[in-house]
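Welcome, and thanks for taking a look at this one with me. Below are some numbered notes to read alongside the viewer.

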Amino acid sequence: MKPNSGTLVINIMNGGKAEAYEGVYQCTARNERGAAISNNIVIRPSRSPLWTKEKLEPNQVREGDSLVLHCRPPVGLPPPIIFWMDNAFQRLPQSERVSQGLNGDLYFSNVQPEDTREDYICYARFNHTQTIQQKQPISVKVFSTKPVTERQPILLTPTGSTSTKVELRGNVLLLECIAAGLPTPVIHWIKEGGELPANRTFFENFKKTLKIIDVSEADSGNYKCIARNILGSAHHVISVTVKAAPYWITAPRNLVLSPGEDGTLICRANGNPKPNISWLANGVPIAIAPEDPSRKVDGDTIIFSHVQERSSAVYQCNASNEYGYLLANAFVNVLAEPPRILTPANKLYQVIADSPALLDCAYFGSPKPEIEWFKGVKGSILRGSEYVFHDNGTLEIPVAQKDSTGTYTCVARNELGKIQNEVQLEVKDPTMIIKQPEYKVIQRYGQVSFECIIKHDSTLLPTVIWLKDNDELPDDERFLVGKDNLTIMNVTDKDDGTYTCIVNTTLDSVSASAVLTVVAAPPTPAIIYARPNPPFDLELTGQLERSVELSWIPGDENNSPITNFVIEYEDGLHEPGVWNYQTEVPGTQTTVQLKLSPYVNYSFRVIAVNEIGRSQPSEPSEQYLTKSANPDENPSNVQGIGSEPDNLVITWESLKGFQSNGPGLQYKVSWRQKDVDDEWTSVIVANVSKYIVSGTPTFVPYEIKVQALNDLGYAPEPSEVIGHSGEDLPMVAPGNVQVHVINSTLAKVHWDPVPLKTVRGHLQGYKVYYWKVQSLSRRSRRHVEKKILTFRGNKTFGMLPGLEPYSSYKLNVRVVNGKGEGPASPDKVFKTPEGVPSSPSFLKITNPTLDSLTLEWGSPTHPNGVLTSYILKFQPINNTHELGPLVEIRIPANESSLILKNLNYSTRYKFYFNAQTSVGSGNQITEEAVTIMDEAMASRQVDIATQGWFIGLMCAVALLILILLIVCFIRRNKGGKYPVKEKEDAHADPEIQPMKEDDGTFGEYSDAEDHKPLKKGSRTPSDRTVKKEDSDDSLVDYGEGVNGQFNEDGSFIGQYSGKKEKEPAEGNESSEAPSPVNAMNSFV
């Protein structure tokens, strides 16, 4: 063993046999506080045995037949790597037809003449011993027969139709299927009843091997391989079971307690099969370890109560099953130590103003000390939102100011003492660049200077660094760095870039950047590129009724050619002051023929455009008023919709501005009833966009058209549109309403559609109103709450979900159009059948005796039918929380209590109770109770409260507490340096939870997992959270509109789920965690 170390070195380089050291090793570290042990370490020597000699007969195979060449390598440790080669040490080529199996054999799906050779050699490479063993060469001779017979696939491996495979969680799963056949079969893989896992599935060996990495329990199942060619297929099903070596859910952690405190060690692991948990103390099984009255083992938990210093020990938790084991050490250290502060005294902290300041107060002590902070020698305790107090003792000032400078005192105290430490805080002014470098453009061979003037705290020493393009300045004497500037002499093109000034102090850093652009020194004045000047001298020629020619003279293009001209117009008659786009022409063109509209007072202007931008608009041309004409177009978006049952509202979009083509714009509105031999009725209205036709029949179709006209005449004949007069409420109710009850919570309703003529509007659907009248089990009425479901279109049926079992309902149906609902059909009564009841409203267990318990219960809140009986199941629970045999009793429905006799004394029982109707059993509730030890104990527990001395003692204690409260109240009103109330509130220890004494009594418990007996309270972490487990079922909206919607066929899709009571002896839950494997060392 190495000196000052626990490392064991085994060296056989100078002689000795490895076999002599084969075995299982375990390390134990021990001192006066306890003993820790390591995992088992297995040492086995590697082996590379020779091939057994065997006589190999030549293989004579007919062309097209299958062939398997067996390797059968010697068993080595670790197993060898198999490969096939020829005499020239060249690997034999493999393909979909010829491939090596996982067992090392060489498989031929069908042989070909080229497979004839005498040097098929199997090699086994033992990596650990760095040796290769060779099998004797195998000879294969293929003889041809004409014709070659094609064959459908058969599986060479695995054999049969099914097989099984067991793999461990976290390992790689390898499944193999190799088939014979001609033509060569192709392999496909599927998982029955599921999908192959994405991102973890791989195919190898020409898809003959399915590889799934990092397998879990979810990968268990049946995997089918299918071999297929043109003649048929063959398949094999491999049933995969994923087992698991133990893995941690909660590994035990070291525990530091002070004398008299309570605590727990928790060791939880999972695996398949479920691992067995065992405890050791200082390496010795806890059952035979020295007794400790403060220690109690409860399955996977050790509970410590009122520990003493002698309770210190190292505990080991061992979780094991047939596939492996876990071992973890946890040191329970019982210490009684006064506080110690580990932060150096008078430590100096320096921060920049307006930044956070963190003042450390690292401490140690047992019990855990309470920490308080003060500012100054006689300052008061620090509190308030301007400070943050961390659990490790650190004081945080989120925004430190100049007045935060000073001395801060940290005080740590527990029951054994008190200690304090002072630290210093200095708040510095921030560093600022008050004059930053500026953008510069410099001619080549000139000189440029960047300024960087700073302001900083007088106690800090700044350093200034200049960078070029975020890198160091070039090593060139032309760069001169001054106190507050950078100068570059004889500037060249390569000096172009970004220059950054960085100012650093020990506490902060600031920077500023500027760009340097180097340009050539021009021999002549630089060319100026700019937008073109505006065109001028606009002229109108060739004026016609619908066109005119516009010409202009371009302005100066300013060294950038004009690419195009944009022509705009103004309508001085309809929209004065508004310029609109007319057209654009290429920059080489200075005249354009413009199309005009009638009755418009035109002015034109021209804008020139080059690569730099657009010029200013030219001066407007002279005005040109075109002659009036008939309108060219009619209004758009013509509609006819009634707002009342006896009218038709015709609307349209009016023509805009110059679309009128002349003065006196009006509209001719025409209409006639469709499918009736009527004449058109017309009216001419002013320039509006709506006309109302009164006195129409209810909801009939009309042909409508709107034509524009002005003082010169009409526009072209308009197209016709179809509108409808106003709707009215439907006249009749749906008939022949029938209800088919599907189950206790669902019904289907049918009705006959109403005649479309009676709808008197656009049919939107049907509404079903339904409500519960009464419960058939209680014969009691309640407030009627009507529910509504809407079914779109001409539906004749719908589903009613969410009904209550064993109840009487009524419903009616109404047709709906755009105006509203029609009359209701006669109310239809239907009843829902019985369902299973809810759980009993309560279960109380009273009057415990030596061998009996009294059970009382309340009937279910929702019986959902006629109760037939109650079912009571119960079983005893022993000290290790194992459940005994289950007893079942059927109780008449009219009973509400039961005395259970012939029970074992001082025994805990668990009860499961539910109600039944003719349909079945409802949810169960559970309780636990304990029979008493003996009658005398029960008598003493009752009589002590009536003894005079006991009553006097309780009065004295109450008086003493009252006096203490008065004294504390007086001291609090006087004030003080260390207010007790605030200190207790600020440092309340959520870690300490009271233990419930086992006094033989019992009560009502709520157990989320029925298979786990109730345990005593235990120490919980301070950051524990309570998670509310609730199941909020929501009803799928089956209807439409406000109340929901059905599918197109009237059906619905939904699932109702609730929490189901677990069976009495259900297995523990599992969760995933990394699973270590046993260590394996091997050597030569």
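Which side chain of opposite charge is nearest to D457, and how far away is it?

1. The nearest one is K402, 4.0 Å away, and D457 is buried yet has no salt bridge. Buried here means under 20% relative accessible area, exposed over 50%, and partly exposed in between, with a 1.4 Å probe and protein chains only. A salt bridge is a side-chain nitrogen of Lys or Arg within 4 Å of a carboxyl oxygen of Asp or Glu. For charge, Lys and Arg count as positive and Asp and Glu as negative, while His and the chain ends are not counted.

2. Before going on, please keep in mind that this is a predicted model: local features need pLDDT of at least 70, side-chain atom pairs count only at pLDDT 80 or more, and totals for chains, interfaces and linings use all residues. Residues are numbered from 1 along each chain as its sequence is written, and side-chain values use heavy atoms, leaving out hydrogens and water.

3. Back to D457, which is found in the loop between β43 (453-455) and β44 (463-468). Strands (E, at least two residues) and helices (H or I, at least four) are DSSP runs, numbered from the N terminus. A polar atom of the D457 side chain lies 2.8 Å from the backbone nitrogen of D429.

4. Next, a sheet to find in the viewer. Five strands form an open sheet with mixed pairing, in the order β22-β30-β29-β25-β26. Its edge strands, β22 (255-257) and β26 (284-285), each pair on one side only. Two strands pair if DSSP finds at least two bridges between them. Within this sheet, β29 (residues 313-321) and β30 (residues 324-334) pair in the antiparallel sense over nine bridges, and A319 stands opposite L326 in β30.

5. Strand β54 (residues 591-595) is a nice one to inspect for its alternating side chains. V592 and L594 point to one face and are buried, whereas T591, Q593 and K595 point to the other and are not. Its antiparallel partner over five bridges is β51 (residues 547-553), where S547 stands opposite K595.

6. Now the charged pairs: the model has 28 salt bridges. One of them joins the side chains of R268 and D300 (3.2 Å, N to O). This pair links distant parts of the chain, with R268 in strand β24 (residues 268-272) and D300 in the loop between β27 (295-298) and β28 (301-304), 32 residues apart.

7. Another salt bridge joins R546 and D632 (3.5 Å, N to O). R546 lies in the loop between β50 (536-541) and β51, and D632 in the loop between β56 (624-625) and β57 (636-641), so the pair ties together parts that are 86 residues apart in sequence. R546 is partly exposed because its relative accessibility is 38%, and D632 is partly exposed too, at 44%.

8. Finally, where does I963 sit? I963 is in helix α3 (residues 948-974). With L959, L962, I966, V967, F969 and I970, I963 makes a nonpolar surface patch of about 660 Å². Patches are made of residues with over 30% relative accessible area and no salt bridge, joining like charges within 9 Å and nonpolar side chains (Val, Leu, Ile, Met, Phe, Trp, Tyr) within 5 Å. Accessible areas come from the Shrake-Rupley method with a 1.4 Å probe, and for residues only the protein chains shown count as cover. At 45% relative accessibility, I963 counts as partly exposed.

Key: A polar contact is a pair of N or O atoms within 3.5 Å; within protein, one must be able to donate a hydrogen and the other to accept it, and residues adjacent in sequence count only if both atoms are side-chain atoms.
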